[in-house]
Amino acid sequence: ALEDLCKTHARVAYVADGVYSTGGMAPVPELLALQDKYGLFLFFDEAHGLSTLGRHGRGLVLETMGGINERTLIVTSLNKGFGASGGAIFLGPRHHAERRKLATRFGGPVTWSQRINTAGLGAIIQSAAIHRSEELPRLQQRLQDNIRLFDQHVASDNSGEPLPIRFVSIGSEENTIFYAKSLLEDGFYTSPIFFPVIAKGRAGLRIMIRANMSTQEIERFAACLNQLRAAHE
């Protein structure tokens, strides 16, 4: 469908998350192929891909591309995997000055928000240093180990993906909220997701896996969740 639009319109822009907030990822290679063939403009949000994937934590999109180009714009949060605050915008080099001026003049969050405080700037600098050190690959590997361990114990919609987000389908909103509340009472925070974030009748738990989780924590969480499933299926 997107290729059909590219064939019939002179300018087409596609907006997507690189890594989806409920698991899964954009078909980046296929989108880049359309870009090469038709000049498709791509706008990616890498809030969930930054730090967890790619060399120096550059995320899914830049890792696939190899570098930014003139037909791609990437925005990302520094509050999540990066561990600091604020955000970042990746611009193609030829239009850097023009697009920066456009973003700062008309971009609401840039215009209306307050500046990053001194402590936040310090956290960004230190996080950037970690991303350029040998510590980041070790953290990324530990995260991948935890993801594989999680998949061994919990069936989810995203099993097998190298991404730190898992979505466990429950079905009804009522049951999803009950699951989340029960797991919280056992000491585990999960995010219950339902309409309008996703389609009606497709409610479930969004689970975020971290590098600093222990094997025991993951196994105990899996046992609690699987016990709830067994009792309600």
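What share of the 233 residues in the protein chain is made up of buried residues? The answer is 40%, and I would like to start from that figure, with the reminder that everything I describe this morning comes from a predicted model.

Let me begin with the overall layout. The protein chain contains 9 helices together with 7 strands, and its C-alpha atoms, taken along the principal axes, fill a box of roughly 55 × 45 × 35 Å.

The strands I want to discuss belong to two sheets. In one of them, 4 strands form an open sheet with mixed pairing, and the order runs β1-β2-β3-β4. The edge positions are held by β1, residues 13-17, and by β4, residues 87-90, each of which pairs on one side only, while the twist from one strand to the next averages 10 degrees. If we look at the pairing of β1 with β2, which covers residues 41-45, we find that these two strands run in the parallel sense and are joined over 5 bridges; as an example that you can locate on the screen, A13 has F41 of β2 as its bridge partner.

The other sheet is open as well, with 3 strands in the order β5-β7-β6 and antiparallel pairing. Here β5, residues 165-171, and β6, residues 191-193, each have a single partner strand, so one side of each is left without a neighbour in the sheet. In this sheet the twist averages 25 degrees from one strand to the next. The antiparallel pairing between β6 and β7 extends over 3 bridges, and within it S191 has R206 of β7 as its bridge partner.

From the sheets I turn to the empty space. Rolling a probe the size of a water molecule over the atoms shows where such space is left. The largest pocket holds about 980 Å³ of space, and its lining consists of 36 residues, with L143, I209, R210, A211 and N212 lying nearest the centre. Two or more lining residues are given by each of α6 (118-131), α7 (135-153), β7 (203-208) and α9 (215-232), so that β7, the strand we have just met between β5 and β6 in the sheet order, appears here again as a contributor to the pocket. Which element gives the largest share of this lining? That is α7, which provides 6 residues. By chemical character, the lining of the largest pocket divides into 19 nonpolar, 11 polar and 6 charged residues.

Closed space is a separate matter, and a search of the whole structure finds 1 cavity of 30 Å³ or more. The space in the largest cavity comes to about 30 Å³, and the residues that line it are C6, H9, A10, R11, V12, Y38, G39 and L40. Of these lining residues, 5 are nonpolar, 2 are polar and 1 is charged.

Since C6 is among the residues lining that cavity, let me finish with the cysteines. C6 counts as buried because its relative accessibility is 7%, below the cut-off of 20%. C224 has a relative accessible area of 15%, and is therefore buried too. How many disulfides does the structure hold? The count is 0, which is the point on which I will stop and take your comments.

Key. Residues are numbered from 1 along each chain as its sequence is written. This is a predicted model: local features need pLDDT of at least 70, side-chain atom pairs count only at pLDDT 80 or more; totals for chains, interfaces and linings use all residues. Side-chain values use heavy atoms; hydrogens and water are left out. A disulfide is a pair of cysteine sulfur atoms within 2.5 Å. Buried means under 20% relative accessible area, exposed over 50%, partly exposed in between (1.4 Å probe, protein chains only). On a 1 Å grid over the protein atoms alone, a cavity is a set of points where a 1.4 Å probe fits but cannot get out, and a pocket is an open set with protein on both sides within 12 Å along at least five of seven lines; lining residues have an atom within 4 Å of a point. Grid points are joined across faces, edges and corners, and a volume is the space filled by probe spheres set on the points. Ala, Val, Leu, Ile, Met, Phe, Trp, Tyr, Cys and Pro count as nonpolar, Asp, Glu, Lys and Arg as charged, and the others, Gly among them, as polar. Two strands pair if DSSP finds at least two bridges between them. Axes are lines fitted to C-alpha atoms, for helices over the stretch in contact, and angles run from 0 to 180 degrees between N-to-C directions.
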